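Notebook open, aromatic rings on the list for today. I wanted to see which rings pair up and where charges sit over them.

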Amino acid sequence: TVRYSRVAGDSIVYRFKGRSVALVSAKGPNRSKAKIYLDGKYKRTVDARSSRIRTRRIVFSKSWKKKRTHTIKIVNLGTRGRPRLDVDGLAVRQ
């Protein structure tokens, strides 16, 4: 099930144990930017904008050498004119 937000500042936090994580989202003309935090530290801003709708795209990923407990936080920036941010899923590699 896809979850989405159209409100700037909305966020999702997910705690997991693994060696890698990937954010799966739809991309499209009305899709927003999002800030990604890992273990409480800002990592990157991702932009889900695309000229056409593209579903189930990996828009962010991160890997580590060892399996550990981590937390990912995704914050919708509610980009003007294209506020929607989809979260199709989070893929975690054990």
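My entries on ring pairs come first, then those on charges over rings.

Entry one. I'm working from a predicted model. I searched the whole structure for aromatic pairs and got three of them. Among them is Tyr14 with Phe16, a stacked pair with 6.2 Å centre to centre and 15° between the planes. I read that as stacked because the planes are under 30 degrees apart.

Entry two. Are these two rings buried or exposed? Tyr14 is partly exposed, at 38% relative accessibility. Phe16 comes out buried, with 5% relative accessibility.

Entry three. I followed Phe16 to its pair with Trp64. This one is tilted: the centres are 6.2 Å apart and the planes make an angle of 45°. Which strands does the pair tie together? I found Phe16 in strand 2 (residues 11–27) and Trp64 in strand 5 (residues 54–76), so the contact joins parts 48 residues apart in sequence. Put together, ring pairs link Tyr14, Phe16 and Trp64 into a cluster.

Entry four. I then looked at charges over rings. Lys35 has its charged end over the ring of Tyr42, 5.7 Å from the ring centre. For Arg84, the charged end sits over the ring of Tyr4, with 3.8 Å to the centre of that ring.

Terms used
Residues are numbered from 1 along each chain as its sequence is written. This is a predicted model: local features need pLDDT of at least 70, side-chain atom pairs count only at pLDDT 80 or more; totals for chains, interfaces and linings use all residues. Side-chain values use heavy atoms; hydrogens and water are left out. Rings of Phe, Tyr and Trp (its six-membered ring) pair if their centres lie within 6.5 Å; planes under 30 degrees apart count as stacked, over 60 as edge-to-face and the rest as tilted. Buried means under 20% relative accessible area, exposed over 50%, partly exposed in between (1.4 Å probe, protein chains only). Helices (H or I, at least four residues) and strands (E, at least two) are DSSP runs, numbered from the N terminus. A charge sits over a ring if NZ of Lys or CZ of Arg is within 6 Å of the ring centre and within 35 degrees of the ring normal.
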